[in-house]
Amino acid sequence: MFYVTLGLSLMVQAASIYVLPDRISDEPAQDATLRRLDLPGGLLLGGTAGLLLVGVTQAETMGLSSFLVWGCLLLAGLAGASFAWHIRTTPEPFISPRIFASGSFLAAALVGFLAQFTNIGSLFLAPLLLEGSSGLTPAAAGLILAPGAVAVAVLSPLAGKLSDRLGPRSVLLFGLTFMFISTLVISSFAIGAAPYVLAAGLLLLGIGYAGTNSPAANAASEAILREVAGTGLGIYQLSSSWARGQGQPCSEPFWPPGAGRPEGQ
């Protein structure tokens with residue numbers, strides 16, 4: 001699966017050489033300002049995110065005393081500090097420092113990160129609960145997750161339109177409220193209860209996530225200048241992707257005491 005992603009990424013990079021313009025304006029070449037790729041900045045940012053992800057993930061299985069874990073975390077810190085220094089001293093940085101100067105953008109990115117983390121973490125743990133505690137088959141567990149997924153697919157476009165019309169703040173409040181209620185239901189009433197209780201909690205989670213994801217992205221784009229909006233949204237998506245990676249915390253499923261491990265798991 002990851003080799004496919006790597007191959008597609010290489011294809012996109014190769015195609016971008018021929019597709020993307022070399023200038024940031026439509027002026028003649030002799031009068032235009034050339035945009036050059038800040039390769040060191042991109043490598044430092046990618047290294048920071050990758051090393052941090054590896055360090056946190058391996059800490060769950062190897063423990064905090066592992067040399068590999070602390071080595072990755074230390075290198076991630078050094079790469080992050082180098083990246084921060086680099087973008088402040090480079091004429092055309094990979095990411096403009098003005099993006100990180102916006103408190104509203106950072107708040108929106110944090111909301112998006114936490115919402116993604118909560119959604120993915122719940123969807124990862126729910127099947128383990130249904131199969132390990134309730135004894136359901138994988139197919140039955142998938143059907144219980146389905147209403148929440150349908151809610152996200154149907155309501156996300158509507159949430160984006162309402163965010164454009166009413167402003168991100170009011171729609172975000174609605175979405176976060178539903179996510180809070182859903183996680184309260186799942187964590188307090190779903191264990192040992194009928195499967196429909198967890199299904200109801202996951203449905204509320206889907207409704208809340210749909211009301212959070214698009215408005216948070218809209219709030220992030222509105223908080224930064226137009227000329228750096230594309231890069232800002234890239235940073236926003238990077239934080240969401242990192243949340244997806246950390247939202248699956250268990251490398252080895254935990255089965256409640258007394259619960260049989262499902263066959264084939």
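The following dialogue examines the helices of a predicted model.

Trainee: How many helices and strands does the secondary structure of the protein have?

Mentor: From the N terminus on, the elements run α-α-α-α-α-α-α-α-α. The secondary structure accordingly comes to 9 helices and 0 strands.

Trainee: What does helix H3 reach from its first C-alpha to its last?

Mentor: Helix H3 covers residues 67-89 and has 23 residues. At 1.5 Å a residue, the expected span is 33 Å. The reach of H3 in the model is close to that value, at 33 Å.

Trainee: Which helices do the buried residues of H3 pack against?

Mentor: Buried means under 20% relative accessible area. In H3 the buried residues are Val 69, Cys 72, Ala 76, Ala 79, Phe 83, His 86 and Ile 87. These buried residues pack against helix H2 (39-62) and helix H4 (97-100).

Trainee: At the start of H3, which residue has a backbone nitrogen that a side-chain oxygen of Ser 66 reaches?

Mentor: The side-chain oxygen of Ser 66 comes to within 3.2 Å of a backbone nitrogen at the start of H3. That nitrogen belongs to Leu 68.

Trainee: Why are H6 and H7 described as oblique to each other?

Mentor: Two packed helices are described by the angle and the distance between their axes. Helix H6 (residues 138-166) and helix H7 (residues 168-189) have axes 7 Å apart. Angles over 145 degrees count as roughly antiparallel and 65 to 115 as roughly perpendicular. The angle of H6 and H7 lies in neither range, so they are oblique, at about 140 degrees.

Note on methods. Residues numbered from 1 in each chain as written. Predicted model: local features only at pLDDT ≥ 70, side-chain atom pairs only at ≥ 80, totals over all residues. Heavy atoms only, no water. Helix = DSSP H or I, 4+ residues; strand = E, 2+ residues; numbered from the N terminus. Expected span 1.5 Å × (residues − 1). Buried < 20%, exposed > 50% of the residue type's maximum accessible area, 1.4 Å probe, protein only. Contact = heavy atoms within 4.5 Å. Polar contact = N/O pair within 3.5 Å; in protein donor to acceptor, adjacent residues only side chain to side chain. Axes fitted to C-alpha atoms, helices over the stretch in contact; angles between N-to-C directions. Parallel < 35°, antiparallel > 145°, perpendicular 65-115°, else oblique.
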